[in-house]
Amino acid sequence: SEDQVEVDKEETAEEADDWLLAALQETKSIIQSENQVEVDKSDVVELDEQLDRTSTRGKRSSSKSLENNGIPAGSSSSSSSSNRKNAHYASPEKYAHLNPITDRMAEELDVVFCGINPGQTSGANGFHFSGPGNRFWPALSKSKLTEGQKVVYTDGSDLPSRFNLGLTDLVSRPTACLKELSVEEKKAAVPSFLQKVSQYRPRIVCFMGLETPSNIFRTVVCQTFSTSDNQVAGTSKTKSTKPKAQKMKVGNMNIKLVHRGVTDPNAVRETIFWALASTSGVCGQYQISSHVSFMNEVYEYLNRLKEGTVSTSEMFSIELPLDS
């Protein structure tokens with residue numbers, strides 16, 4: 001099965017890391033022995049870096065293996081494991097000098113782009129996706145969503161009125177990097193985020209990032225709403241009927257929020273959730289042209305949604321309140 005193939009790949013990778021770690025340690029021992037000729041110190045430094053990368057990768061694999069065997073991510077087999085998990089966390093006090101940035105929202109927008117949280121630059125200047133090298137604005141400028149009109153981060157407040165687009169974040173507090181937010185903090189933000197979506201009722205919400213926030217959002221939704229008759233496409237059911245999340249992909253997440261009490265046939269009665277790749281400058285996997293293509297896919301789907309030529313009946317359906 002596909003699941004078994006993934007497990008086999010992980011086990012093979014772990015074995016390779018164990019072998020590589022042992023080989024690197026042996027090599028370092030040899031070149032540092034008294035019987036060896038003098039070597040360039042940079043060789044030792046490079047070996048140290050390789051050892052650190054390999055060891056860290058092995059620790060992540062071990063942690064993932066524990067989770068796959070039913071041990072919660074929050075549980076720790078040792079205090080050192082817990083320390084590693086929270087090594088990068090930053091308390092709100094660290095960035096108390098920064099402020100949450102204003103959502104750019106209005107009722108029934110076509111598309112709302114949602115980041116994980118404001119970066120340090122955005123927290124300082126008050127504009128979404130304004131960090132160095134962020135490809136969001138160049139991509140949006142070339143996409144059909146703005147009809148190819150150039151927009152920059154200072155145009156964020158005009159997006160709702162000019163293009164029926166919006167901007168928001170899953171977590172409101174700014175940090176210098178994503179790792180400074182705890183997983184618990186991200187998950188805890190989902191209910192209030194859904195309340196916001198319910199209030200404004202956009203047609204589509206696009207999460208900017210395949211791991212977070214889209215994966216965090218899907219995890220919380222699956223855990224909260226999973227039933228025998230309600231399943232997220234791209235996932236598989238276990239005997240307990242809980243969807244098992246697979247790797248996030250760019251595109252329709254097949255999850256919708258149904259807005260109760262909306263009877264006007266011309267009003268937005270449900271919101272579709274979409275996953276887009278992160279445009280952050282530290283994520284270099286995709287070029288601007290790829291991000292433009294991803295946004296254009298949203299544009300094409302949006303038009304079909306308005307025309308009523310796509311069916312959402314098979315999507316994983318959620319409603320508020322969460323405890324219903």
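Reading helices and strands in a predicted model

The axes of helix 8 (residues 190-200) and helix 9 cross at roughly 95° and come within 10 Å in this predicted model.

Q: How is the packing of two helices described, and which residues of helix 8 and helix 9 meet?
A: Two packed helices are described by the distance between their axes and by the angle between those axes. Here the angle is roughly 95°, and helix 8 and helix 9 are therefore roughly perpendicular to each other. On the side of helix 8, V190, F193 and L194 meet I216, F217 and V220 in helix 9, and this contact has six nonpolar residues, with no polar and no charged ones.

Q: What should the twelve residues of helix 9 span?
A: At 1.5 Å a residue, helix 9 (residues 214-225) should span 16 Å, and this agrees with its end C-alpha atoms, which are 16 Å apart.

Q: Which residues of helix 9 are buried?
A: The buried residues of helix 9 include S214, N215, R218 and C222, together with I216, F217 and V220, of which the last three also meet helix 8. Nine of the twelve residues are buried, so helix 9 is largely enclosed by the rest of the structure.

Q: Where do the side chains of a regular strand point, and which residues of strand 2 point one way or the other?
A: In a regular strand the side chains alternate between the two faces of the sheet. In strand 2, L165, L167 and D169 point one way while G166 and T168 point the other way, and all are buried.

Q: How many bridges join strand 1 to strand 2?
A: Strand 1 (residues 111-115) and strand 2 run parallel and are joined by five bridges, and G115 has D169 in strand 2 as its bridge partner.

Conventions:
Residues are numbered from 1 along each chain as its sequence is written. This is a predicted model: local features need pLDDT of at least 70, side-chain atom pairs count only at pLDDT 80 or more; totals for chains, interfaces and linings use all residues. Side-chain values use heavy atoms; hydrogens and water are left out. Helices (H or I, at least four residues) and strands (E, at least two) are DSSP runs, numbered from the N terminus. The expected span of a helix is 1.5 Å times one less than its number of residues. Buried means under 20% relative accessible area, exposed over 50%, partly exposed in between (1.4 Å probe, protein chains only). Two strands pair if DSSP finds at least two bridges between them. Axes are lines fitted to C-alpha atoms, for helices over the stretch in contact, and angles run from 0 to 180 degrees between N-to-C directions. Angles under 35 degrees count as roughly parallel, over 145 as roughly antiparallel, 65 to 115 as roughly perpendicular and the rest as oblique. Contact means heavy atoms within 4.5 Å. Ala, Val, Leu, Ile, Met, Phe, Trp, Tyr, Cys and Pro count as nonpolar, Asp, Glu, Lys and Arg as charged, and the others, Gly among them, as polar.
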